[in-house]
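Q: Please choose one part of this structure and look at it closely, for a student who is new to reading models. I would like one connected explanation, with each term made clear where it comes up.

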Amino acid sequence: PKFAAGTVPQHPSQGQVAGAIGSVMPGARACVPSGAPVSRATITFQSDGTVKNVSVTGYAAGKSAEACIKGALSKAKVDPFAEATYPMTVSVRAD
C-alpha cells in the first residue's frame with residue numbers, strides 16, 4: 001500500500017463508493033439505448049482513489065456502448081485508501 005497503516009481507511013466506505021458511482025452513472029446510462037438488456041460494469045478503484053479499470057459484461061460488451069460506459073465510469077473518484085484496489089460491480093441500464 002502507498003499509505004501508512006491508520007492514516008487512511010482500509011477501503012472506501014460504501015457510501016463514498018455509491019456517491020462516486022452515482023455522480024457518473026447518468027453518463028453511463030446515456031450510453032445504452034432505452035429498453036436494452038442490462039449491462040454490468042466492474043469498476044476497480046486504486047488506492048489513490050482513481051479508477052484503475054472498468055470491465056463491462058452483458059448487452060454493451062463488444063459494442064460501441066462498452067467504450068462509452070468505460071469512459072463515463074472511469075471518471076469516478078473516491079478518497080485514498082490503504083488496500084491496493086477495491087472493486088465494485090454495478091448494473092447499467094437506460095433510464
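A: What follows is a close look at the packing of two helices and the bond beside it.

This is a predicted model, in which local features need pLDDT of at least 70 and side-chain atom pairs count only at pLDDT 80 or more, while totals for chains, interfaces and linings use all residues. Residues are numbered from 1 along each chain as its sequence is written, and side-chain values use heavy atoms, with hydrogens and water left out.

It helps to begin with the setting. The chain has 2 helices and 3 strands, where helices (H or I, at least four residues) and strands (E, at least two) are DSSP runs numbered from the N terminus. Followed along the sequence, these elements come in the pattern α-β-β-α-β. The C-alpha atoms of the chain fill a box of roughly 45 × 20 × 15 Å along the principal axes.

Now to the helices themselves. Two packed helices are described by the angle between their axes and the distance between the axes. Here helix H1 (residues 14-29) packs with helix H2 (residues 64-73) at an angle of about 160°, and their axes are 8 Å apart; an axis is a line fitted to C-alpha atoms, for helices over the stretch in contact, and angles run from 0 to 180 degrees between N-to-C directions. That makes H1 roughly antiparallel to H2, since angles over 145 degrees count as roughly antiparallel, those under 35 as roughly parallel, those from 65 to 115 as roughly perpendicular and the rest as oblique. H1 passes H2 in a right-handed crossing, that is, one in which the near helix is turned clockwise from the far one by less than a right angle, whereas an anticlockwise turn would make it left-handed.

Which residues of H1 and H2 make the contact? On the side of H1 they are Val24, Met25, Gly27 and Ala28, and on the side of H2 they are Ile69, Ala72 and Leu73, with contact meaning heavy atoms within 4.5 Å. Sorted by type, the residues of this contact divide into 6 nonpolar, 1 polar and no charged. In this sorting Ala, Val, Leu, Ile, Met, Phe, Trp, Tyr, Cys and Pro count as nonpolar, Asp, Glu, Lys and Arg as charged, and the others, Gly among them, as polar.

Gly27 deserves a second look, as it lies in helix H1 and takes part in the contact with H2. With a relative accessible area of 34%, Gly27 is partly exposed, a class that lies between buried (under 20% relative accessible area) and exposed (over 50%), worked out with a 1.4 Å probe on protein chains only. Gly27 and Asp95 are 68 residues apart in sequence, and their C-alpha atoms are 11 Å apart in space.

The same two regions of the chain are also joined by a bond. A disulfide is a covalent bond between the sulfur atoms of two cysteines, and in this model one is counted wherever a pair of cysteine sulfur atoms lies within 2.5 Å. By this rule the count comes to 1 disulfide, which joins Cys31 to Cys68 with a distance of 2.0 Å from S to S. The link of Cys31 and Cys68 is left-handed, with -70° about the S-S bond. Cys31 lies in the loop between H1 and strand E1 (39-46) and Cys68 in helix H2, so the pair ties together parts that are 37 residues apart in sequence. The two partners fall into separate classes of accessibility, for Cys31 is buried at 12%, while Cys68 is partly exposed at 37%.

Two further residues fill in the surroundings. Glu66 is found in helix H2 and, at 19% relative accessibility, counts as buried; apart from neighbours within four places in sequence, Glu66 is in contact with Val56, Ala60 and Ala61. Ser34, like Cys31, belongs to the loop between H1 and E1, but Ser34 counts as exposed, at 65% relative accessibility. Not counting residues up to four places away in sequence, Ser34 touches Ala94 and Asp95.

At the other end of H1, Gln14 lies in this helix too and is partly exposed at 48%. Leaving aside its neighbours within four places in sequence, Gln14 is in contact with Tyr86 and Met88, and although Gln14 and Met88 are 74 residues apart in sequence, their C-alpha atoms are 9.6 Å apart in space.
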